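Trainee: Could you take me closely through one part of this model, the central sheet, and then show how it sits within the rest of the chain? I would like one connected account rather than a list.

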Amino acid sequence: MNNKKIAFLTYAEPNTGLGHWFRTLALEQEAKNQGYSTHFLTNRMLHREMYFQVRENNFDDIYNALHQIKPYAIVIDFQGNVPDYTYDITRKFGIKTVILNGVGRVEENNANLVVIQGLSETRNPNTVSGAKYVILRSKMGEISAKHNGNSWFVWGGARDRMGLLKMFNRVDDREATLVVHQEFIDPLIYRGITETHPNPLHLVTHVTGDAMLPIMANAKTACIAMGMAAWELAYLGTPTYAFSSTPGHLRFAKEMEIAGLLLAYPKVGLPNTVKQFCDFINQPITVQDENRPDLLGAQRVMNLIGKL
């Protein structure tokens, strides 16, 4: 492999969350560490200065960008299946296709390599999975778990489309930090938390970028919408209660529960009542240390890409 250029394609949108974005940034940083020249394709600027702007699912934009770059490989990480035309483009230019198969995704049969960000068993020869291939953002290496006090970390995802923060805010017997993403949170959801049902035991905190990581590290327990944060909390060894917005997320959550990394609410969405919600988050949980991810996932994935 002589071509040391690699491209990354991902999108940052309120409805899909930020896990795809941060995971791709972490892998890009590892690619740079291994001597690659990297090129980022995305639909918007978010904590980044240089990139190829491509409209979501637009053939011409992706074709033109890859025609200019002509990388050895392209790493794709976004919600939903990869369009067939993407493979047409990569085959035309002789580009290896790598799919980061995030939480809730299905397998891709046409890619050169698929890396499942979960524990799903697979028989596809082009696919790997397991905690050792989970890619965590590089900033995780700069924090350590404190688990101080009794405070909870509560995260409903970038947009909190399930209303997890509003539900938790009705729990009046424990301290908590309710984390909202400053750019993506719906103003109506935010007002519903802070004005309709204010809770003196809860601190509502706005974050961008990696600012949520120290809050996460200091929490004794976590309550989250299933996503990349589940793996970050597993790395920290934080007891975590996870709620899933889709059947795919629920499948991944149950796999992590079997591995002893969190407790998964057994249905899609939230319970109907505060009592049912509290009954779930009051269940005991102990994290199984032997199944926790480490910070070498990005390195392992880049090593696989280099062998394609």
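**Strand S6 and its surroundings**

Mentor: In this predicted model, strand S6 (residues 113–116) is covered on both faces, with Leu113 and Val115 buried on one side and Val114 and Ile116 buried on the other. On one flank, S6 pairs with S5 in the parallel sense over four bridges, and within that pairing Val98 stands opposite Leu113. On the other flank, S6 is joined to S7 by two bridges, again with the strands running parallel, and here Val115 stands opposite Val128.

Following the pairing outward from S5, one comes to strand S4 (residues 73–77), which runs parallel to strand S5 (residues 96–101) and is joined to it by four bridges; Ile76 in S4 faces Ile99 in S5. Taken as a whole, the sheet is open and has seven strands in the order S3-S2-S1-S4-S5-S6-S7, with parallel pairing. Its edges are strand S3 (52–53) and strand S7 (127–128), each of which pairs on one side only.

From the sheet we can turn to the packing of nonpolar side chains. In soluble globular proteins, nonpolar side chains tend to be buried together. Here the largest nonpolar core has 55 residues, and the members that touch the most others are Leu9, Leu66, Phe153 and Ile224. Helix H7 (residues 228–236) gives the most to this core, contributing seven residues. Apart from that core lies another, of 29 residues, which includes Phe8, Ala12, Leu27 and Met302.

Phe153 deserves a separate look, for, leaving aside neighbours within four places in sequence, Phe153 is in contact with Thr177, Val179, Met212, Ile215, Met216, Ala219, Thr221, Ala222, Cys223, Ile224 and Leu233. One of these partners, Cys223, counts as buried because its relative accessibility is 0%, and Cys278 is likewise counted as buried, at 15%. The two cysteines do not form a bond, because the sulfur of Cys278 lies 9.8 Å from that of Cys223, its closest cysteine sulfur, whereas a disulfide would require the pair to be within 2.5 Å. The count of disulfides in the model comes to zero.

A polar site can be set beside these nonpolar ones. His202 belongs to strand S10 (residues 202–207), and His202 is classed as buried because its relative accessible area is 10%, under the 20% limit. The side chain of His202 makes a polar contact of 2.8 Å with the side chain of Asn169, while a polar atom of the His202 side chain also lies 3.1 Å from the backbone oxygen of Arg174. Not counting residues up to four places away in sequence, His202 touches Phe168, Asn169, Val171, Arg174, Glu175, Ala176 and Leu178.

Stepping back to the chain, there are ten helices and 13 strands. Its radius of gyration is 19 Å, close to the 19 Å that the globule rule gives for 308 residues, so the chain is as compact as a globular protein of that length. The C-alpha atoms fill a box of roughly 60 × 40 × 35 Å along the principal axes, and buried residues make up 57% of the 308 residues. Among contacts with a separation of 6 or more, 66% are between residues 24 or more positions apart.

Methods: Residues are numbered from 1 along each chain as its sequence is written. This is a predicted model: local features need pLDDT of at least 70, side-chain atom pairs count only at pLDDT 80 or more; totals for chains, interfaces and linings use all residues. Side-chain values use heavy atoms; hydrogens and water are left out. Buried means under 20% relative accessible area, exposed over 50%, partly exposed in between (1.4 Å probe, protein chains only). Two strands pair if DSSP finds at least two bridges between them. A nonpolar core is a set of buried Ala, Val, Leu, Ile, Met, Phe, Trp, Tyr and Cys residues joined through side-chain atoms within 4.5 Å. Contact means heavy atoms within 4.5 Å. A polar contact is a pair of N or O atoms within 3.5 Å; within protein, one must be able to donate a hydrogen and the other to accept it, and residues adjacent in sequence count only if both atoms are side-chain atoms. The radius of gyration is taken over C-alpha atoms; the globule rule is 2.2 Å times the number of residues to the power 0.38.
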